[in-house]
Amino acid sequence: MDKNKIFRNIPKVDILLENDIVKNLITKYGRECVIYAIREETDILRNDISKMKEEDQALKQLDALVSRIEKNVLDMFNPTMKQVINATGTVLHTNLGRAPISSKHLEHLNTIASKYCNLEYNLAEGQRGERYSHFEKLICRLTGAQAAMAVNNNASSVLLILNSLAKDGEAIVSRGEQIEIGGKFRIPDVMEASGARMVEVGTTNKTHLEDYTEAITEETKAILKVHTSNYAIVGFTGSVPIDELIPAANEHDIPVIEDLGSGVLIDLSKYGLEKEPTVQESVMKGADVVCFSGDKLLGGPQAGIIVGKKKYIDIMKKNQLTRALRIDKFTAAALELVFMEYLNEDKAIENIPTLRMITTSVTELEDRAMKLLWKLKKMDLPATFTTTPCESQIGGGSMPLARLESSGVVIIPDMISVNELEERFRHLPIPIVSRIVNDEILLDVRTMEPEMFETIATMFKETKVFEG
Ligand SMILES: *Cc1c(COP(=O)(O)O)cnc(C)c1O
C-alpha cells in the first residue's frame with residue numbers, strides 16, 4: 001500500500017476543526033482540550049498506520065479518527081476514579097480504598113469540606129486552635145490515654161514516633177517483629193528514615209525479656225513493639241507481652257512504643273472473630289505510645305492515630321515532621337465522627353460500614369445471596385446462577401488467618417469463558433471486582449450493599465455482558 005498517500009489523507013488540525021462533531025465538542029468542552037485530543041489521536045493514528053500492512057485496515061483507522069477524538073475528549077471529563085462493586089468479600093481491600101466512609105456521615109463532611117470551618121480556630125477564645133482538638137478528648141476517653149493526635153497514615157505514625165523519640169539514638173525491636181506491610185513499608189527502612197539506629201534482639205520465632213533488657217544501653221531511646229498483623233508464626237514461638245516489658249523499660253526511663261497496625265476499639269471476639277489486642281488494653285498495660293491505622297478495623301478515613309502519655313505526644317506535636325504529615329480538614333472531621341460512634345458500641349457496629357460488614361451473620365448473608373440470586377434469575381440471562389457458602393477475609397493486612405463464613409452467588413456463563421466474564425465485569429459502567437473460584441465466578445455478598453442488587457441485575461441485562 002502507498003503509506004505516504006494515506007499519511008497525506010490524515011486531515012490537518014484546521015480541517016478537523018471544521019468538522020461538525022468536532023465543532024460541537026469545542027462548544028461543549030472548550031477549544032484547548034479538543035485541540036489536545038486532535039493532536040494526540042492523529043499522532044496515535046500515524047504511529048498505528050506506520051505499523052500496518054493492509055490498506056483496508058489503515059483506511060478503517062482513518063475513518064474512525066473523528067470518533068476517536070470524540071472519545072478522547074469525553075474520557076478527559078470522565079473521572080477515572082469511580083465507584084466499584086466489591087464482590088471479593090474482602091472487607092478491607094487496600095486496592096479498593098480500604099474502609100468505606102459511612103454515608104450517614106457524609107452530610108456533615110460535605111459541609112466541612114465545601115465551607116469554611118474551625119479546623120484550627122478556637123471559637124471560644126477567638127484565636128488559633130489545634131486541629132487535633134476536635135477528636136483528642138474523645139479518643140482519650142475511649143482509650144484511656146492522656147493525649148492523642150493523628151497524621152496522614154499509620155506508616156507516618158511510626159516514622160514520626162521514632163523520629164521524635166529515638167532520633168540519633170537506639171531503638172530496640174524484636175527480630176520476630178521485623179515486618180513488611182506492603183508498599184515498601186518495612187520496619188528497618190522506616191527506622192533508618194527516622195534517624196534512629198535499630199537494635200535487633202531475639203530470633204524470628206522467639207524473643208525473651210532478657211533479650212530486650214540485655215540490649216539496653218546509654219544510647220537506648222525507645223523499645224518498639226510491632227503487632228504482626230499481616231502474618232502469623234505458629235509452632236515454637238514466643239514474644240514478650242507489653243506488660244512484661246514495661247517495668248524493665250520504666251526502670252531505665254525508656255518509652256515503650258506499640259504499633260498495633262489495625263487498632264480495634266471493640267473486642268471482636270464477641271462476634272466470633274479471633275482476639276486482636278484493643279487500643280485500650282495496650283494503653284492500660286502501660287504502653288507509652290500506641291499507634292494504629294484509621295482505615296483498617298477502626299473503619300474510618302485514612303489516618304495514623306497516635307495515643308499515649310502526654311509528655312511524648314507533646315514532643316511529637318512540636319516535631320517539624322508533623323507539619324509534613326498532618327491530616328486535612330476532611331480527615332479531622334471524619335475521625336471525629338467515627339470516634340463519636342464508638343461512644344456506643346452497638347451504634348458503632350451499626351453505623352461503621354467496616355464493622356457492620358465484618359459482623360453480619362451468616363443467616364443474614366444467606367438471605368442476601370438469595371435476594372441477589374432471584375434478581376439475577378428474573379433477568380433471563382445466558383448463564384447459570386446458584387448460591388453457595390463461601391469464605392470472606394478481613395484483608396488490609398488485618399487478621400490474616402481469619403476466615404469469615406459467608407454466602408455468595410456463583411455464575412457460570414453459557415456463551416463466554418469465566419475469565420472473559422471476570423474481565424467484562426471490570427469494564428461495566430459500575431465495575432464489579434469479583435473472584436474466580438473453582439473455574440466459576442463468585443460474588444461474595446458480604447461486601448455488597450443489598451441496595452445495589454437491582455442496579456447490578458439491570459446493568460447485566462442492559463450491557464449484554466453475558467452475550468457471546
Ligand atoms: C497496616 C500497618 C501499618 C501501616 O499503616 P497504614 O495506615 O497503611 O500506613 C503499620 N504497621 C502495622 C503493624 C500495620 O498493620
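Reader: Which residues come nearest to the ligand?

Author: This is a predicted model. In it, 14 residues lie around the ligand. Of these, A155, S229, D259, S293 and K296 come nearest.

Reader: How far is the backbone of A155 from the ligand?

Author: Look for pairs of N or O atoms within 3.5 Å. A backbone N or O atom of A155 is 2.9 Å from a ligand oxygen atom.

Reader: And which ligand atoms do the side chains of D259 and K296 approach?

Author: Take them in turn. An N or O atom in the D259 side chain lies 2.6 Å from a nitrogen atom of the ligand. For K296, a polar side-chain atom is 2.8 Å from an oxygen atom of the ligand.

Reader: How much of the ligand does the protein cover?

Author: On its own, the ligand has 380 Å² of accessible area. The protein covers 94% of that.

Reader: Which elements give two or more residues to the shell around the ligand?

Author: Helix α9, residues 154–166, and strand β10, residues 256–261. Now sort the shell by class. It has 5 nonpolar, 6 polar and 3 charged residues.

Reader: Let us turn to pockets. What shows where empty space is left?

Author: Rolling a probe the size of a water molecule over the atoms shows this. Here, the largest pocket holds about 1,100 Å³ of space.

Reader: Which residues are closest to the centre of the largest pocket?

Author: They are V84, A99, P100, I101 and E449. In total, 38 residues line the largest pocket. Two elements appear as givers of two or more residues: β1 (85–86) and α18 (353–359).

Reader: Which element gives the most to that lining of the largest pocket?

Author: That is α18, with 3 residues.

Reader: How many lining residues of the largest pocket fall in each class?

Author: Count 16 nonpolar, 13 polar and 9 charged residues.

Reader: How much space lies in the second largest pocket?

Author: About 690 Å³. Its lining has 36 residues. Closest to the centre of this second largest pocket are E177, V226, H227, T228 and S239.

Reader: Which elements give two or more residues to the lining of the second largest pocket?

Author: Find strand β9 at 220–226, helix α12 at 242–251 and helix α13 at 279–284.

Reader: And how does the lining of the second largest pocket split by class?

Author: It has 12 nonpolar, 14 polar and 10 charged residues.

Note on methods
Residues numbered from 1 in each chain as written. Predicted model: local features only at pLDDT ≥ 70, side-chain atom pairs only at ≥ 80, totals over all residues. Heavy atoms only, no water. 1 Å grid on protein atoms, 1.4 Å probe; cavity = no way out; pocket = protein on both sides within 12 Å on 5 of 7 lines; lining within 4 Å. Points joined across faces, edges and corners; volume = space filled by probe spheres on them. Helix = DSSP H or I, 4+ residues; strand = E, 2+ residues; numbered from the N terminus. Nonpolar A, V, L, I, M, F, W, Y, C, P; charged D, E, K, R; others polar. Near = heavy atom within 4 Å. Polar contact = N/O pair within 3.5 Å; in protein donor to acceptor, adjacent residues only side chain to side chain. Areas by Shrake-Rupley, 256 points an atom, 1.4 Å probe, with all protein chains shown as cover.
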